[in-house]
Amino acid sequence: MPRPAPAPVPGSRADVTRPRARHATPSTDAALLDLLATIPDPEIPVITITDLGIVRAATLDGTTARVAITPTYSGCPATSLIALAVESRLRDAGLTPAIETRLDPPWTTDWLTEAAHEKLRAYGIAPPTGATRPRCPRCDSPATTEISRFGSTPCKAQWRCDACAEPFDHFKCH
Amino acid sequence: MSDLFTFLTRMGDNTLVLGHRLSEWCGRAPALEEDIALANTALDLIGQTQMWLGRAGEVEGAGRSADDIAMLRDVWDFRNLLLVEQPNRDFGHTITRQFLFDQWHVAQLDALTRATDAPVAAIAAKAVKEARYHAERSAGIVVALGDGTEESHARMQAALDRLWPFAGEMFQDDATDTAMTDAGIAPLPSTLRPAWDETVRATLTEATLTVPEGTFAHAGGRTGARHSEHLGHMLTQMQWLQRAYPGATW
Ligand SMILES: [Zn+2]
């Protein structure tokens, strides 16, 4: 008996290019940006790629969508996943993707939106504020201690709250 | 082969080889936090490699990608410093190697952000932020372990004694360096030495470690003339998949 073809591996080229539910085709640059604002960060899905400030340009040229994305950290494994997610979302909306990786100027956490700060805090991650010590995202105590300068993703460090004793992630200033 | 291509492979091979060395710790570091830190540092360095060797491929114009350059060359074509190919040995050696490299790397990248070559300046601006973070961490651990227990101090001193003769290669000038300096791209390596000496010695003193007196410097990595025996063994691991299955893609 013939076996059915296996489902494509998520994120693979076969997955990205397969036909699927369509999004409405944006007709303005603002609508294109709105479309991109629906794409979650693969590692911290409560924030979107526009919250992160990595979409540096988004313009329509007929049915071609020119999108410039800047990487967060050079070796962040999410970077290629994000490019794939953008590509598939643009295709789903009937657009031809033209995605550019833009290095200059380098990404900084200053580009995180205010909404991103709120979403991170609600998710239990202390947002980057530039203060010497981040406040505990759970109890808001300013008494916190760094456990490790690195965390589960390149953008985070591990901290502990001295008041409620809970460990938490800190989105590092960069 | 153009001087710019050689320069770009020197930058990219340093980060590639050191990044791979650090990845060898993955799952084996002395503490979970250190395991994660080493893996994250390795990721940053491999990401920087993508940029340096990717640009090298563009400059060369022969259609080679960063992956082609990283995975399909043999020892004699690598242009990394001998320091970064030295084996991990213990955590003390790994951190000392990182510290000596990071202090040079930050100064080099900082100078490159002012390069007249726009792609070089852009890559450096991206990488220097990461390198500064690496440098703060490795210097902090050098002090903690050097000025730590009798055991940690002895291991750090042994690592420093072994690795110090590999530091001098970072500051040796050759014709490629002169060409890069004349083109306004990179500083002459020897000009970075005084500031490096000052900060490195200050940290080592704080770490209660004794700076070795010898001025002998092993060389041959960044020119490709003579790598140490360790690089070839490392490449058999790193390039195993491409050697066993040529052309395999993800
Ligand atoms: Zn708390």
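A donor, for the zinc site, is an N, O or S atom within 2.8 Å of the metal. The model on screen is predicted.

**Stop 1: the zinc ion.** Select the zinc ion and then A:Cys136, A:Cys139, A:Cys161 and A:Cys164. The SG atoms of these cysteines are the protein donors, and they lie 2.3 Å from the zinc ion. Show the angles among the four donor atoms: they run from 104 to 119°, and the site is tetrahedral. For four tetrahedral donors the ideal angle is 109.5 degrees. Along the sequence, the spacing of the donor residues reads C-x2-C-x21-C-x2-C.

**Stop 2: two of the cysteines.** Turn on a surface and compare A:Cys136 with A:Cys139. Which of the two is buried, and which is partly exposed? A:Cys136 is buried, because its relative accessible area is 2%, under the 20% cut-off. A:Cys139 has a relative accessibility of 38% and so counts as partly exposed.

**Stop 3: the interface.** Now display chain A and chain B together. Here 22 residues of chain A are in contact with 20 residues of chain B. The two chains bury about 1,800 Å² between them, with 62% of that area coming from carbon and sulfur atoms. On the chain A side, pick A:Ser74, A:Arg149 and A:Phe150: these lose the most area to chain B, together 38% of what that side buries.

**Stop 4: polar links across the interface.** Stay on A:Arg149 and add B:Glu136. Their side chains form a salt bridge, 2.7 Å from N to O. One salt bridge is found across this interface, along with eight residue pairs in polar contact. Finally, colour β5 (144-148) and β6 (156-161) of chain A; each supplies at least two residues of the side that touches chain B.

Key: Residues numbered from 1 in each chain as written. Chains lettered and ligands numbered in written order. Predicted model: local features only at pLDDT ≥ 70, side-chain atom pairs only at ≥ 80, totals over all residues. Heavy atoms only, no water. Donors = N, O, S within 2.8 Å, 3.2 Å for Na, K, Ca; no water. Tetrahedral: all angles 85-135°; square planar, octahedral: opposite > 155°, others 65-115°. Buried < 20%, exposed > 50% of the residue type's maximum accessible area, 1.4 Å probe, protein only. Contact = heavy atoms within 4.5 Å. Buried area = accessible area lost by both parts, 1.4 Å probe. Salt bridge = Lys/Arg side-chain N within 4 Å of Asp/Glu carboxyl O. Polar contact = N/O pair within 3.5 Å; in protein donor to acceptor, adjacent residues only side chain to side chain. Helix = DSSP H or I, 4+ residues; strand = E, 2+ residues; numbered from the N terminus.
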